[in-house]
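Student: I am new to this structure and would like a close look at one part of it. Could you walk me through the aromatic rings and what sits around them?

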Amino acid sequence: PAKCQHAYETQVISPSTATEEGTAKYICQICGDYYEGSLPTQMKILSIGDSYSSDSTKYLYQMLSDAGTENVTVANLVLDGGLDDVLEDDSGAYLKNADGKWRESDTSVLEALADEEWDVITLQQSGKTESYKNLQNVLEFINKNSEKSEIFWNMNWASSKQTYSEIVNVVKTEVASKELIGGIIPTGTAL
């Protein structure tokens with residue numbers, strides 16, 4: 001009999017994270033042969049926001065790689081009109097780093113969400129309270145189009161547009177109560 005030219009398909013048993021390897025069953029689609037093995041550590045992060053989100057992701061690939069995460073992908077979708085652009089599936093500058101080099105293209109929100117199976121999606125918005133009126137709709141849109149991702153809020157820092165106390169207040173009143181937000185990255189209070 002001819003020897004099988006195995007064509008293995010991966011069945012994830014337990015997914016990997018940034019710090020823990022996962023496990024998988026590899027099954028040949030031709031002969032049924034299988035074995036179990038490990039999945040390397042991985043972290044895939046997509047940030048969506050204005051230019052502040054670019055600043056937050058600039059060194060993230062290198063930091064995760066240096067910390068021992070084997071498969072790192074960091075991407076950032078910069079939307080000039082803020083998070084309301086998400087609902088209109090607008091395009092923006094899409095910067096992606098999966099190998100230590102940043103590459104840029106013009107990409108729509110839906111294309112960015114579908115580009116990878118993101119572990120984490122961070123959102124960032126600067127502006128006054130009224131600019132958060134559609135936040136729940138934005139969260140639902142992202143959750144619908146990237147169900148496996150955990151959503152975090154990346155708090156921006158004080159600028160000429162917004163003072164420190166305004167940032168803290170808007171996060172408390174408009175962001176923290178949203179159930180689809182898994183946590184708040186306190187960049188605005190850490191700087």
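Student: Which residues form one aromatic cluster?

Tutor: Happy to help. This is a predicted model, in which local features need pLDDT of at least 70 and side-chain atom pairs count only at pLDDT 80 or more, while totals for chains, interfaces and linings use all residues. Residues are numbered from 1 along each chain as its sequence is written, and side-chain values use heavy atoms, with hydrogens and water left out.

The cluster is made of Y8, Y26 and Y35. Rings of Phe, Tyr and Trp (its six-membered ring) count as a pair if their centres lie within 6.5 Å; planes under 30 degrees apart are stacked, over 60 edge-to-face, and the rest tilted. By this rule there are three aromatic pairs. One of them joins Y8 and Y35 edge-to-face, with 5.3 Å from centre to centre and 80° between the planes. This pair links distant parts of the chain, 27 residues apart: Y8 belongs to strand β1 (residues 8-14) and Y35 to strand β3 (residues 34-39). Helices (H or I, at least four residues) and strands (E, at least two) are DSSP runs, numbered from the N terminus.

How open are these two rings' residues? Y8 has a relative accessible area of 33% and is partly exposed; Y35, at 40%, also counts as partly exposed. Here buried means under 20% relative accessible area, exposed means over 50%, and partly exposed is in between (1.4 Å probe, protein chains only).

Now look at the pair of Y132 and W153: the ring centres are 5.7 Å apart and the planes stand at 50°, so this pair is tilted. Y132 lies in the loop between β8 (120-123) and α5 (135-145), and W153 lies in strand β9 (residues 150-154), so the pair ties together parts 21 residues apart in sequence. Y132 is buried, with a relative accessible area of 3%, and W153 is buried too, at 0%.

One more ring deserves a look, that of Y34. The charged end of K25 sits over this ring, 4.4 Å from its centre. For a charge to sit over a ring, NZ of Lys or CZ of Arg must be within 6 Å of the ring centre and within 35 degrees of the ring normal.

To recap, Y8, Y26 and Y35 make up one aromatic cluster, while Y132 and W153 form a tilted pair and K25 places its charged end over Y34.
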